Amino acid sequence: MSAISRDDVVRSVFSTTDAEQGRAYLASAYGADIRMGTPSPADAPFRHERRAAAELSLDSVRIPAEARYFLEPMSHLLMTELLSGRQDVDCAGGDSRWLPGDVLPAGRPDLPHLTHADHVEARTARMEPELLRDVAGLGEEEPREPMRMLRPQAPAPPAGAAVWHAATRRAWDLFDEDSVAGTPLSRDAAARMVAAVALSMFPNSYTEHDPLASGTGNVGEATVDRAAQYIHDHADRPITLTELAAAAGVSARTLHDGFRHFHDTTPMGYLRRVRLERAHGELQAAEPGAGESVETIAARWGWGDPGTFSAAYGRAYGIPPSRTPTAAGAGGEPR
């Protein structure tokens, strides 16, 4: 097993042809009781690669054998996209069969899972409760109960699975050590995107409320201004909704309501707007031959996808980022 850490990302790769070593490693990685059959073919490697940053861990897993494992309810949410093979899952007495392309919760905070996996390759995403709570708009004042799924275990609809694949694939690339766009802010944005997709695919107790509904009390402009100033002062680092609510001295839902009223956007939308302004300023100030590309500047301000940055920039400023005065010297069109 090899591991490397750079910035806020920890990466590890494990590979073995020994079934017992593979079983022990996977049991440790997922906190599961695992029983493993004989690899087929006998020299087929077990492989596990992890890229983890803060509250999101992404894994690529290959198990060239039959395996049975049991997962107790856990604090985090573990989502799996099955790439090949087959899995039969018993969750609270409800049986389901997963086939390639299916996306489901493989480990839920509210129920145990008993799984029979047959020669599977999969990608998994582990999301910590603090990330899920913040993306769902739950502040410190909300009850800290484990998330509950509100319907029986079933795969995500094909459209949702396609969005999940795109979101996790992008996050995986940003967590790579060679990614030019993999900055702390772009990885934070990717983690929030993955969590938002997970929460939207499966009805759950974290999102049964409406985070954009009116808050629990009126909020004045001065309160919203405190949060806005906090955003301006700290836009160069990851900021959570809970952190903003604490800075303003109100609940997360109330802050949502205030930003909608005074700025016609959400607190996180306001944060993206400020970061876009910072990137715009750096493009304007870029010196010819300085060596920084549009993509590098965009990533520094949380825009890990050049296409998304270019579209947002065009909506805000009416021109592509590469046509910003002096931007030609900063590297031209993003890839």
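Q: Given that helices, of at least four residues, and strands, of at least two, are DSSP runs numbered from the N terminus, where in this predicted model is D264 found?

A: D264 is found in the loop between α7, residues 252-263, and α8, residues 267-285.

Q: How should the backbone angles be read, and what is the phi of D264?

A: Most residues other than glycine have a negative phi, and most peptide bonds are trans. D264, although not a glycine, has a positive phi of about 55 degrees, and with a relative accessible area of 63% it is exposed.

Q: Where is H119 found, and is it buried, partly exposed or exposed?

A: H119, found in strand β9, also has a positive phi, near 50 degrees, in a residue other than glycine; its relative accessibility is 30%, so it counts as partly exposed, a class that runs between 20% and 50%.

Q: Which residues are joined by a cis peptide bond?

A: The cis bond joins S40 and P41, with omega at about -5 degrees, and P41 lies in the loop between β3 (33-36) and β4.

Q: Which residues of helix α3 are buried, and why do they line one face?

A: Helix α3, residues 158-174, reaches 24 Å from its first C-alpha to its last, close to the 24 Å expected. Its buried residues, among them W164, W172 and L174, fall within an arc of 160 degrees seen down the axis, so they line one face of α3. They pack against several elements, including β9 (113-127) and α4 (184-201), whereas the face turned away from the buried side carries the exposed residues P158 and A159.

Methods
Residues numbered from 1 in each chain as written. Predicted model: local features only at pLDDT ≥ 70, side-chain atom pairs only at ≥ 80, totals over all residues. Heavy atoms only, no water. Expected span 1.5 Å × (residues − 1). Buried < 20%, exposed > 50% of the residue type's maximum accessible area, 1.4 Å probe, protein only. Arc of directions from axis to C-beta. Contact = heavy atoms within 4.5 Å.
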